[in-house]
Amino acid sequence: MRSIYFAAVFVIPTIAAALPAQAEGKAALDCSNALSTYEMNACAEKERDAADAILNSTYQKALKAIPEMATEVPYDAKGWEAALRASQRAWVAYRDAECNDHVAMFWTGGTGATADILGCMTEMTKARTKDLIERYENH
């Protein structure tokens, strides 16, 4: 009973008070000087998320560009959109398998695996974004 009281009075408030500070620390993280594994992983995740947001925006623009580009029979907008959607789903599956499964093997559980996996995802996402821009935004 005494340990429950101790946890309720001292441990839980201490943890609760630390959570906002930890969240603020992630937002204020200096990624140009990330030294710990936690910092490197947080920065890699932040960069991957930013690249993913740009890809998603570019992909939506590509979908919107299709009706103007699909002017010749039998390459109508419906078929073209279906092809792009299928291509994107296949690309996501490939990126995830390459980075999450293949790249991870090189680390055999080491602490650098997460940053390397996220870095792989970031670079592949940037390359896919570039490809979509070249195919859709310049036409």
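Q: Does Arg 95 count as buried or exposed, and at what relative accessibility?
A: Let's start with the cut-off: in this predicted model, a residue is buried when its relative accessible area is under 20%. Arg 95 meets that cut-off and counts as buried, at a relative accessibility of 9%.

Q: Which residue forms a salt bridge with Arg 95?
A: The closest N and O atoms of this pair are 4.0 Å apart. Arg 95 sits in helix H3 (residues 77-105) and its partner in helix H2, 43 residues apart, so the pair links distant parts of the chain. The partner is partly exposed, with a relative accessible area of 27%. It is Asp 52.

Q: Which residue meets Glu 47 in a salt bridge?
A: Here the N to O distance is 3.2 Å. Glu 47 lies in helix H2 and the partner in helix H4 (residues 113-137), so the pair ties together parts that are 79 residues apart in sequence. Glu 47 is partly exposed at 41%, and the partner is also partly exposed, at 39%. The residue asked for is Lys 126.

Q: About how many helical turns separate Arg 48 and Glu 45?
A: These two form a salt bridge, with their closest N and O atoms 3.9 Å apart. Arg 48 is buried at 19% relative accessibility, whereas Glu 45 is partly exposed at 30%. Because they are 3 residues apart in helix H2 (residues 37-69), the separation is about one helical turn.

Q: Which residue joins Glu 45 and Arg 48 in one network?
A: The structure holds 9 salt bridges. Some of them share partners, and these join Glu 45 and Arg 48 into one network with Asp 49.

Definitions and conventions: Residues numbered from 1 in each chain as written. Predicted model: local features only at pLDDT ≥ 70, side-chain atom pairs only at ≥ 80, totals over all residues. Heavy atoms only, no water. Salt bridge = Lys/Arg side-chain N within 4 Å of Asp/Glu carboxyl O. Helix = DSSP H or I, 4+ residues; strand = E, 2+ residues; numbered from the N terminus. Buried < 20%, exposed > 50% of the residue type's maximum accessible area, 1.4 Å probe, protein only.
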